[in-house]
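These are my notebook entries on side-chain contacts, beginning with ring pairs and moving on to charged groups.

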Amino acid sequence: MSAPLLSIRGLRAGYGPIDVLHDMDLTVHSGEIVAMIGANGAGKSTTLMAISGVVRPRAGEVRFDGHDLRALPAHQIVCLGLAHSPEGRKIFPRLTVLENLQMGAFSRTNPQEIAADLESAFTMFPILRERMHQAGGLLSGGQQQMLAIARALMIRPKLLLLDEPSLGLAPQIVSQIFNVIRDLNQKGVSVLLVEQNARMALKIAHRGYVLETGRITLADKAETLLHDPRVRAAYLGE
Amino acid sequence: MLVMWAAFDWTNFGQQTINGLTIGALIALIALGYTMVYGIVELINFAHGDLFMLGCFLALSLVSVFGLNEAGVLATMPWWRILGPVLLCFLVIPLFCAGLNLAVDRVVYKPLRNAPKLAPLVSAIGVSFIFMNIGLFWGGAQDVNFPDLVAAAWPEKSADGERIQTGIVRNLLADSDTGLRFTVKDAMVIGVTVPLMLALSLFVSFTKTGKAMRATAQNPVAAQLMGINVDWVIGVTFLIGGAMAGFGSVMYALTLNTVGYQMGFQNGLYAFTAAVLGGIGNIYGAVLGGIVIGLVRSLGSEYVGETWTSALVFAVLIVILVFRPSGLLGSRTPEKV
Ligand SMILES: Nc1ncnc2c1ncn2[C@@H]1O[C@H](COP(=O)(O)OP(=O)(O)OP(=O)(O)O)[C@@H](O)[C@H]1O
Ligand SMILES: [Mg+2]
């Protein structure tokens with residue numbers, strides 16, 4: 001197989017005196033959806049933060065598309081085509097929907113390409129076009145999640161890190177969001193998906209990782225994980 | 001009641017309002033620096049008032065270089081020889097204050113960005129004292145006169161319209177029958193402050209950097225994830241805040257004609273109060289707060305008494321915060337949820 005798009009080896013990261021991630025290995029290949037599941041506090045969000053550079057790794061190697069991410073600050077990592085839609089949406093509440101999307105394109109310079117991507121964001125989520133000039137904070141939870149994903153896509157990423165996109169959303173919206181993730185992936189965007197909704201995540205993913213207290217305990221084809229008795233007992237509520 | 005109404009001196013009231021607006025505009029210029037920095041890094045930059053003070057001292061040194069600070073020299077000087085140094089002040093002082101503000105951020109606050117909030121706050125108080133001591137060294141312990149350049153360049157005409165009266169600034173409303181004084185100084189303060197604020201508002205609303213500033217203020221982590229260099233945005237904020245204080249310095253010195261090392265403390269406190277009153281973090285709030293405080297100071301000292309002015313300003317602050325805890329234009333819900 002060709003070199004992975006994202007490869008993490010021996011990653012250690014944490015906050016203050018505490019290490020949250022210990023000796024983590026993880027890869028995402030071009031074209032893949034990779035799911036990461038784990039209990040609350042296992043370190044899933046920390047993993048994504050360590051990749052995008054908001055949390056600085058303490059040891060190990062993080063490589064993306066031929067670049068050593070540990071050598072770059074967060075705002076330059078984005079420019080390599082690595083988008084991160086963080087947990088809890090984190091949209092800009094007092095910027096308009098349009099301005100939120102423009103911030104997504106902050107690192108880009110070609111106005112024609114930006115306009116084209118804005119158009120496809122509006123096609124993907126028509127409600128955002130309707131609410132274009134409204135403050136982001138006035139959107140409903142599901143609409144804010146759509147905005148967060150659309151904003152991350154304005155980076156025109158090769159790899160999209162998604163942290164709990166289904167959190168707090170009605171089942172209908174959740175399936176809409178998962179459909180969008182699958183469509184994006186078919187258009188060539190690789191995805192690293194962190195989810196509480198382990199079943200849906202493993203259903204659309206190619207491969208999956210199980211994270212327990214900062215260590216990868218299982219790594220396999222998503223299909224296999226779905227039928228693994230340990231996964232079924234701990235994360236699928238069976 | 002009706003008698004009181006009729007007896008009320010509206011001209012005096014109007015005059016105090018004009019004075020209040022002028023002083024309010026100056027306070028607002030300083031308040032912008034407090035509010036913008038707080039909006040982005042949640043730091044109350046206590047040194048900001050003293051930055052303003054140093055700007056005043058640099059203006060004094062600059063006009064002294066041109067010999068405008070020597071006794072009697074202004075009386076015979078043509079207006080165009082005064083205008084040059086004044087314009088130079090408007091160029092140099094904002095640049096100086098912007099650069100110094102940025103330097104303080106890079107040297108003192110930036111290394112403490114991830115430290116507990118109290119660390120940069122105490123450092124800001126430290127920088128304030130350092131600035132004050134520089135001011136003390138620069139200008140001495142006594143208040144110093146700043147030459148009345150505006151009055152020298154644009155003096156009042158005497159009643160016959162010919163002979164000019166030296167030392168009194170021209171009243172632009174002299175030919176009207178309002179009985180009010182709106183001087184060249186008032187016009188300068190309003191004429192500089194209003195375009196500056198409009199420019200700032202347009203910048204923050206419509207430019208890419210301005211939008212990045214607002215995004216960073218609302219959520220710095222998300223801003224980083226958009227590829228915004230947060231440190232750079234913070235730097236721009238300190239530059240703009242410093243430049244605004246610098247414009248305030250020049251106009252304060254030219255208008256009130258007294259500078260002293262303690263002026264940063266008092267005016268900084270009023271400006272900080274204006275920022276809180278308007279809703280800290282909100283640039284329109286800082287402008288509104290500045291105007292409210294200017295009016296309260298001016299009208300209060302006229303109708304309540306000079307000694308009560310400061311007490312009155314803070315009484316107004318407290319009353320407003322009781323009813324609107326996050327200030328006049330502050331967002332009602334906390335920002336970071
Ligand atoms: N900013 C922070 N400062 C200190 N500790 C943190 C911080 N963020 C997370 N932690 C700690 O790191 C550990 C892992 O947190 P993380 O957010 O990565 O978990 P998670 O797997 O994403 O959980 P969840 O499913 O609840 O989102 C937790 O013990 C948490 O308390
Ligand atoms: Mg999480």
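I searched for aromatic pairs, taking rings of Phe, Tyr and Trp (its six-membered ring) as paired if their centres lie within 6.5 Å, with planes under 30 degrees apart called stacked, over 60 edge-to-face and the rest tilted, and the count came to 10 over all chains. I looked at B:Tyr109 and B:Phe238, whose ring centres are 6.0 Å apart with the planes at 40 degrees, so I entered the pair as tilted. The pair links distant parts of the chain, 129 residues apart, with B:Tyr109 in helix α4 (residues 79-109) of chain B and B:Phe238 in helix α10 (residues 230-256) of chain B; helices (H or I, at least four residues) and strands (E, at least two) are DSSP runs, numbered from the N terminus.

This is a predicted model, in which local features need pLDDT of at least 70 and side-chain atom pairs count only at pLDDT 80 or more, while totals for chains, interfaces and linings use all residues. Residues are numbered from 1 along each chain as its sequence is written, chains are lettered from A and ligands numbered from 1 in the order in which they are written, and side-chain values use heavy atoms, with hydrogens and water left out.

I then checked accessibility (buried is under 20% relative accessible area, exposed over 50%, partly exposed in between, with a 1.4 Å probe and protein chains only). B:Tyr109 is buried at 2%, and B:Phe238 is buried at 1%. Elsewhere in chain B, I noted a cluster in which ring pairs link B:Phe8, B:Trp10, B:Phe13 and B:Tyr303.

Next I looked for charges over rings (NZ of Lys or CZ of Arg within 6 Å of the ring centre and within 35 degrees of the ring normal). The charged end of A:Arg151 sits over the ring of A:Phe92, 4.8 Å from its centre, and B:Lys208 lies over the face of A:Phe106 at 4.9 Å from the ring centre.

For salt bridges (a side-chain nitrogen of Lys or Arg within 4 Å of a carboxyl oxygen of Asp or Glu), I found 18 over all chains. One of them joins A:Asp19 and A:Arg58, at 2.8 Å from N to O. A:Asp19 lies in strand β2 (residues 18-28) of chain A and A:Arg58 in the loop between α1 (44-52) and β4 (59-64) of chain A, so the pair ties together parts that are 39 residues apart in sequence. A:Asp19 is partly exposed at 25%, as is A:Arg58 at 31%.
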